[in-house]
Amino acid sequence: MLKKLLKYDFKAIFKYWWIAALTTLLLSVLGGACLHLLTYDREFPGIVYTTIIFVLLFVLFSYAAFSILSSILVFIRYYKNFFTDEGYLTFTLPVRRSQLLNSKLIASTTALFVTSVHCIVNIIVLLLVALAKEIFTQDFLIDVSEFCTTIVNEFGVYLWIYILEVFLFTVLYIVMSTLFLFCCITIASIITKKARLITAIGIYYAASSVVSFVGQILYTFGIPSLSHWLSKLPTSYEHPMVALIFFGIILFLAIFCMLLYTLQYWMLDRKLNLN
Amino acid sequence: MKKRISILFAIILLFSCFGFTTYAQKSSNTLSEDYQTMTVDGNNYSRFNASMLDLNTSHSNIKLALSETQKEEIATIELESSKNISVISVDISFKDGSRLLIDFLRDDLIEEYNTLLNDTSQEYEIDFSWPSGNVVVTKGTTLLGDKVELGPDVLEWCTSFAVTASNSDESMFMAKGELISYEDNYYYVDFAECGVTNAAYFSLYDYDSLVAHKVTDKTLVKNLADAETAFHEDDMGFLEDDDFTESVSAVFLIAVFAVIPFIILIVCLIFTIRSKAVYRKLWASICILSGAEIVVFALATAFIILGK
């Protein structure tokens, strides 16, 4: 049954997502072409430069708009499917509450992850088009190959550990962000009957300010001290310690995700009153 | 009547003051018509090349009495002077649109300037910038070891530090060269030998190769190594091996990565025991993650303490 739920969630989220994705990809090509023009030695009239700058700004704006649109699609799906008239039908389906929540979570996380990857692809396409002359040469490929060899030699097996940890961190961060906003929407729906979205935004803003404050203190005090202590260790300890500390941060993130998931499940299970 | 006399007296006083000020402003400071010399406050100044000096000048209120020819040619003239008015920078904009930037040095300092420029037996300072006061002082001759040619690899990946010399009262600072640190060796690039005429525009990245002197004096090499170590280890005054700051950071990290997971572990354990099916699995998974976090934190702390 989870598969069917996922199918409809993916359909709902990606219904308009692919249009935005295709648009940003085409705009990346256009932006790359404009950047490429700027590298010419020729002098263009002022109006041409102005147009190029406007196009580039529009491309940058489209990237931001695409990311925001993806988030909006995800959360509208969640809100509509659970807290509007649709919610009455959703909660009468012969599925467990956990399956409903898991379906939303998996679909949302996948959508946001794919959005992040697509943004990176857009930037790469823009740079490839802009710097085509320099990139598609043998010298550049040799330089890239040498750089990769240097990185592999420098980090050894720890390179793959770091890549895995970065991937895990990214996924957990997206899951945490998704659950965080799900919780805010659910809390708003429980405490108010009217203006739920505005209340949800208010709760999200307040809660994320607190989290940002704690994060800032951690960054200000924790990271410099940690770097200071690590710098005093023997060189052979460096990579194992960095991997271990990163793993600790991932575990901390996982704890936070599970807590949010439990809270979210509990609210959907016990506290939701759709009357 | 009394009021009218008072007003008249005030007007006369005002004009007198104005006249006196105008008279007082009639300056004896002059600039020669060939722009090679000037006289300010009875001191003579000669034009010189200040490109190797760190001038540190600021706006000056010096007024120049221009000749009739100069008044016809010059649109605006602005002056800046250094401490003790040892150096005066003159920025002249002419009416034909051209511009002239010239520097003048007080004549009694010319000998000191030439000593700064040419004497390698004077004391040079190598400035490691951070922490403050991290300066190595040495005779210029100790830097002039065997000549070597530094290639692009060295110039691209080295660390460099400014080498300067100053006169006795520190009113003039001259850039003499760059000290290059590369793979535990030190090299000195002398600007005069390399034909560098403007230190402000010098950059190692502009050269494919440079002739430098390898520093071989053992005492100097040790002093440079100590200063460079202090430079690299300096945290710009934030931590400075400050026990209090380290303690605050340690307490904060322990609170976030050990105490909080421990509290979560205990609370979730209680909930696990008291809850039913679905919730029991959720609480149990949080307990396992919290336990794992505490173990990882303990391992990391043990490594840091043992490593110290």
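These legends walk you through four close-up views of a predicted model.

**View 1. Chain A and chain B meet here.** Look for where the two chains touch: the contact takes 33 residues from chain A and 30 residues from chain B. Between them, the two chains bury about 3000 Å². Which atoms carry that buried area? Carbon and sulfur atoms account for 83% of it. If you go hunting for salt bridges between chain B and chain A, the count is zero.

**View 2. A nonpolar patch sits on the surface of chain A.** Five residues make this patch: A:Tyr16, A:Trp18, A:Ile19, A:Leu22 and A:Leu26. Together they give a nonpolar surface of about 550 Å². To find your way, start from A:Trp18, which belongs to helix H1, residues 2-38 of chain A.

**View 3. Negative charge gathers on the surface of chain B.** Which residues form this patch? They are B:Glu33, B:Asp34, B:Glu72, B:Glu73 and B:Asp96. B:Asp34 is a handy landmark here: find strand E1 (30-31) and strand E2 (37-40) of chain B, and B:Asp34 is in the loop between them.

**View 4. B:Glu78 and its contacts in chain B.** B:Glu78 is part of strand E6, which covers residues 74-81 of chain B. Leaving aside residues up to four places away in sequence, B:Glu78 touches B:Ser89, B:Val90 and B:Asp91. Now try comparing sequence with space: how far apart are B:Glu78 and B:Ile92? Along the sequence they are separated by 14 residues, while in space their C-alpha atoms are 6.5 Å apart.

Note on methods:
Residues numbered from 1 in each chain as written. Chains lettered and ligands numbered in written order. Predicted model: local features only at pLDDT ≥ 70, side-chain atom pairs only at ≥ 80, totals over all residues. Heavy atoms only, no water. Patch = residues over 30% accessible without salt bridge, like charges linked within 9 Å, V, L, I, M, F, W, Y side chains within 5 Å. Areas by Shrake-Rupley, 256 points an atom, 1.4 Å probe, with all protein chains shown as cover. Salt bridge = Lys/Arg side-chain N within 4 Å of Asp/Glu carboxyl O. Lys, Arg positive; Asp, Glu negative; His and termini not counted. Charge placed at Lys NZ, Arg CZ, Asp CG, Glu CD. Helix = DSSP H or I, 4+ residues; strand = E, 2+ residues; numbered from the N terminus. Contact = heavy atoms within 4.5 Å. Buried area = accessible area lost by both parts, 1.4 Å probe.
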